[in-house]
Amino acid sequence: KSVKSGRFQEEDSQELGWKPTPDMYKGRRDYREERIFTIDPTTAKDLDDALHIKELPDGQIEIGVHIADVSHFITEGSHVDEEAARRTTTVYLVDRVIPMLPRPLCEIACSLNENVERLAFSCVWTMNRDGTLAKKKSKGGKKSKENDVWYGRSVIRSCARLDYATAQNIIDRKVATGESVDEADVKYWPKTRQPTGGHTIDAVAADVRIMHTVAMARRKLRFENGALALNGIKLTFQMEDDGKTPLLCEPYPLRDSNRLIEEYMLLANYLVAQRLITHAGGLALLRQHVPPLDQGLQNVIEIAKEQGFEIDGTDSKSLQESLSRMGRECNDKLLMQCITELMMTPMCPAEYIASGEFEQEEWSHFALNIPYYTHFTSPIRRYPDVIVHRLLQATLDGQVAVDAYPKDQEEIQATCSHCNDKRMASKKAQERSDRIFLCVFLKKNPLLSTLGVVVSIGDKAFTVFVPDLGVNGLVYLDDHVDLYDARVSKDKDSGKRTMLLLPKNGSSCSRLDIRVFEKLAVSCHCNEKPPIDVKLRIAGPWTENL
């Protein structure tokens, strides 16, 4: 009934004692004795992915990425599958989560919770410590051209549920530096997140630190090869006990522990895409990212040039090299942050595609600068990953299974188009939720004076980026008619505007020259009238000691 109504019944999400039956273990590789753990946001309940790392006798590293085996639980064409295919994504709003799957699945049976046996789909490969992938060795000991990768269904038992903060404390050696379990500072590694099943904090900490070392080497290689990173500011909220009122609002910190997980997920997704392309042909579901819009990118390039910085937007490699060089040469981190923020506007969203419906050169992922990519690592919250799991299993079962796959490439493309639409709608809903709760926070806690940076100028308003909140907003001249006379001038050749704000007689305001990247003091409030949004007003010129 809950599926047919379009809503999943709210259930108590405590562990219900579910575990796989012996029949479910058949044909699966057993990783229950491996030291496997998860690293997720502090409040996460749907744990998609777990990892293990093992040092091999020859000095190489084995990495295992274990993903919740959602496709085991969801039969294609079942009511749950149909509803998941309709939703396509979990929606994360500030005050609630709207799951793609029923909660007994996404928070219990599928979730890779600690100290319980769970079914997984694993991608296990061998790496070198410099971040490169190891090649398979033939019987004669010679290396082949193929990467040393194993894909398959498995059974695991995670020994610890780490969060990003705890993992970062381990990386920073704030904890687990030789002290006993009883001496370990619970401020840095809470008891509830410490390992179970006979595994020690020292062993898990050693794994995290090796993972970090190899991941950072891999990350360095990726950027040297032309990967592009444009990270906008994401707000995070701490709610009051009622779960509805924001108590604290601040930018979400991106740590090395986040980047650690990102590197191994990127690699697992890439390796699975490789397998699908070579064994599933045109059915392969890929994640495509096209280059940015030319005109929008050119505008940002010109703005940077006016500040004395050359940006080459020919491709992602030259773009990343330009931004890296600018980062080294630019002494103003805020300017760098603003250009990065502007650079995100002309970027096109990545989309899901069926490979057979596109030419091979169209499969590529611009930001990652790789020829193909997919999503394998989050099937609890993304429906395309469920399809990828089914296709991957078909390739492992053999060509007969691939030929018998129940959907052709046109049907997979239709599903991809629906997933793209729903993902964009979900993204807009999440962004709107952030904005509304930011407004609720500002209504009670207005910012009377904070730094704002002008990023564009119109005839009747100008756009300001507020770094402390990670938001852009319009400052309207009509809201300041009692304080300033505004003079807007436009360059005939470039079309660029500048603005001069002259204080009116009797006003205590200072004269303001409004140019792109000009710093101002602005106040941030909640709009008094609908629609709900952030209201920005000029508070005066910016001085560094404000």
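**Strand pairing and cysteines in a predicted model**

Three strands, in the order β18-β19-β20, form an open sheet with antiparallel pairing. This is a predicted model, so local features need pLDDT of at least 70, side-chain atom pairs count only at pLDDT 80 or more, and totals for chains, interfaces and linings use all residues. Residues are numbered from 1 along each chain as its sequence is written, and side-chain values use heavy atoms, without hydrogens and water.

Reader: Which strands are the edge strands of the sheet β18-β19-β20?
Author: Strands are DSSP runs of E, at least two residues, numbered from the N terminus. Two of them pair if DSSP finds at least two bridges between them. An edge strand here pairs on one side only. That applies to β18 (484-490) and β20 (512-514).

Reader: Which residue is the bridge partner of L501 in β20?
Author: Strand β19 covers residues 497-503. β19 and β20 are antiparallel, over 3 bridges. In β20, L501 has as its partner L512.

Reader: How many residues of strand β10 are buried?
Author: Buried means under 20% relative accessible area; exposed is over 50%, and partly exposed lies in between (1.4 Å probe, protein chains only). Strand β10 spans residues 149-163 and is mostly covered. Of its 15 residues, the buried ones number 11.

Reader: In which sense do β2 and β10 pair, parallel or antiparallel?
Author: Strands of a sheet pair through backbone hydrogen bonds, in either sense. Strand β2 (residues 36-40) has 5 bridges to β10. One pairing puts F37 with A160. The sense for β2 and β10 is parallel.

Reader: How many bridges join β7 to β10?
Author: Strand β7 covers residues 117-127 and runs antiparallel to β10. W125 stands opposite V149 in β10. The bridges between β7 and β10 number 9.

Reader: Which residue in β10 stands opposite R29?
Author: Strand β1 (residues 29-30) pairs with β10 in the parallel sense. The pairing has 2 bridges. Opposite R29 in β10 stands S154.

Reader: Why is C110 not bonded to C106?
Author: A disulfide is a pair of cysteine sulfur atoms within 2.5 Å. C110 is buried, at 1% relative accessibility. Its closest cysteine sulfur, in C106, is too far for a bond, because the distance is 7.9 Å.

Reader: How many disulfides does the rule count?
Author: C526 is buried too, with a relative accessible area of 16%. The closest cysteine sulfur to that of C526 is in C439, at 4.6 Å, too far for a bond. By the rule, the count of disulfides is 0.

Key
Helices (H or I, at least four residues) and strands (E, at least two) are DSSP runs, numbered from the N terminus.
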